Amino acid sequence: MDLTMFRPFTFALTVLTLALPLLPLSAASTEDVPGIEVSVRARSLEEGRALAVRAAADEAARRLGLDPTTTVVDSSTFRDERFEDGRLDAVVDLAVEGRRSGAREGRPAADRRAGSPGIPWILVVHAVRDRTGRLVPWDRSDQWGAIWRVPTVLDRFKVVPVTGDAEDAGMVTGQALDAFDGRAFRHLVAKYRAPAVAVVVREGGEAALAVWRNGSATEWSRMPIADLGDPAATRIAMSKALADLARSAPSYADRDAGPPDRGGDSIRISDWRTGPAGGAEYRALLAADDRDDVVGRLLAEGIEVLSMRDGPSGTEVVLSSPEGVSIEAGLRRAGVRMSR
């Protein structure tokens with residue numbers, strides 16, 4: 001890649017305080033948005049679809065006047081799909097729900113944040129552990145699955161089960177969930193625009209619960225299953241436990257110092273230019289404990305690593321940010337600290 005066209009890149013860093021809307025989530029209704037044309041670069045068709053749904057959801061939120069931070073993708077259908085040379089072009093039909101952009105105004109910030117779990121909703125993957133100890137996600141033959149067929153709305157929080165399609169089943173395996181494999185969770189986060197993913201596993205008369213958030217520690221928590229014969233009561237009890245787990249995890253938006261510390265993950269941008277597709281390309285120096293993990297997190301935020309090589313001062317990378325995607329906000333969400 002010819003880097004002679006890069007221009008010096010400078011910008012002012014600002015601390016963003018994101019006020020999460022806390023109106024009753026039941027006020028949101030599902031709306032169909034057909035025929036959204038998307039074009040994304042990806043390393044595989046699966047990654048391309050996940051990024052395409054994310055881009056389409058942003059466009060759907062813009063068309064409907066929804067707050068993109070509350071927009072949830074209920075379903076997505078691909079048509080006129082074409083994947084060649086690392087680029088996916090497709091037309092996506094979406095069904096989304098969310099709140100209007102102006103819904104958060106008119107209340108003091110302190111009042112909006114009081115009692116907030118840090119995230120407005122969570123995506124749930126249900127599973128069972130069989131007699132051999134193997135974790136089986138989305139087991140539709142088990143009574144546990146009947147509990148997770150509909151969303152649960154709590155005070156200022158929503159629990160949304162995902163049934164898992166063929167694409168999800170290929171990425172989100174029992175082994176990946178058991179090991180907290182970040183690739184599986186990042187797939188779900190990108191595809192469904194989820195701020196966090198919960199795993200609820202029935203193990204005999206107990207449930208093992210865990211909440212995965214990019215940049216936060218993940219641990220299993222256990223609680224007894226009261227009565228599988230009363231799905232509604234069991235689901236509400238489990239949902240309250242998940243809300244407590246989500247509340248205990250630090251939120252990026254609630255921390256003035258930026259995203260949680262991910263070791264030495266930081267990036268320093270030196271130059272930039274307008275890319276051939278209309279987006280921006282950045283030349284930067286990356287410092288990371290696990291470069292592959294950083295690349296995956298950036299990709300989930302719509303930022304592609306075009307090249308990467310070892311240099312005298314660290315890992316030299318070229319990033320691509322599509323038109324309309326803020327590089328600064330994307331890096332923050334990916335948990336990568338910007339250095340000077």
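This is a short tour of a predicted protein model, one selection at a time.

**Stop 1: the whole chain**

Start with the full chain in cartoon view. You should find nine helices and 16 strands. The chain has 340 residues, and 49% of them count as buried. Show the surface next: about 16200 Å² is exposed, and carbon and sulfur atoms supply 50% of that area.

Now colour the chain by pLDDT. The average is 75, and 76% of the residues score at least 70. Select residues 7–27, where the pLDDT is below 50; this stretch has 50 contacts in the model beyond near neighbours in sequence. Then select residues 103–117, where the pLDDT is also below 50 and the corresponding number of contacts is 31. Where pLDDT is low, predicted coordinates should not be read in detail.

**Stop 2: a three-stranded sheet**

Select residues 31–41, 72–84 and 87–97, which are β2 and β3 and β4. In what order do the three strands lie in the open sheet? The order is β2-β4-β3, with antiparallel pairing. β2 and β3 stand at the edges with a single partner strand each, so one side of each has no neighbour in the sheet. Look along the sheet to see the turn between neighbouring strands, which averages 20° when direction is ignored.

Zoom in on β3 and β4, whose antiparallel pairing runs over 10 bridges. For one example, pick Ser75 and find its bridge partner in β4, Ala95. Next, show the side chains of Arg79 and Asp93, which form a salt bridge with N and O 2.9 Å apart. Arg79 belongs to β3 and Asp93 to β4, so this pair ties together parts that are 14 residues apart in sequence. Arg79 counts as partly exposed because its relative accessibility is 36%.

**Stop 3: the helix across the sheet**

Add residues 45–64, helix α1. This helix lies across β2, β3 and β4, and runs at about 130° to β2. Show the side chains of Glu59 and Arg63 on the helix: they form a salt bridge, with their closest N and O atoms 2.9 Å apart. Why are these two residues about one helical turn apart? They are separated by about one turn because they are four residues apart in α1. Glu59 is partly exposed, at 22% relative accessibility, and Arg63 is partly exposed too, at 43%.

**Stop 4: a strand with two partners to visit**

Move along the sequence to β12, residues 266–274. Two bridges join β12 to β16 (residues 337–338), and these strands run parallel. Strand β13 (residues 280–287) pairs with β12 in the antiparallel sense, over eight bridges. Click on Ser266 to see both pairings: its bridge partner in β16 is Arg337, and in β13 it stands opposite Ala287.

**Stop 5: salt bridges farther along**

Select Arg297 and Asp265 and show their side chains, which meet in a salt bridge at 2.6 Å, N to O. Arg297 sits in helix α8 (residues 291–300), while Asp265 is in the loop between α7 and β12; the two are 32 residues apart. Are they buried or exposed? Both Arg297 and Asp265 are buried.

For a last selection, take Arg129, Asp178, Glu203, Glu206 and Arg222. Salt bridges with shared partners join these residues into one network. The count for the model comes to 18 salt bridges.

Conventions: Residues are numbered from 1 along each chain as its sequence is written. This is a predicted model: local features need pLDDT of at least 70, side-chain atom pairs count only at pLDDT 80 or more; totals for chains, interfaces and linings use all residues. Side-chain values use heavy atoms; hydrogens and water are left out. pLDDT is the predictor's confidence in each residue, from 0 to 100. Contact means heavy atoms within 4.5 Å. Two strands pair if DSSP finds at least two bridges between them. Axes are lines fitted to C-alpha atoms, for helices over the stretch in contact, and angles run from 0 to 180 degrees between N-to-C directions. Buried means under 20% relative accessible area, exposed over 50%, partly exposed in between (1.4 Å probe, protein chains only). Accessible areas come from the Shrake-Rupley method with a 1.4 Å probe; for residues, only the protein chains shown count as cover. A salt bridge is a side-chain nitrogen of Lys or Arg within 4 Å of a carboxyl oxygen of Asp or Glu.
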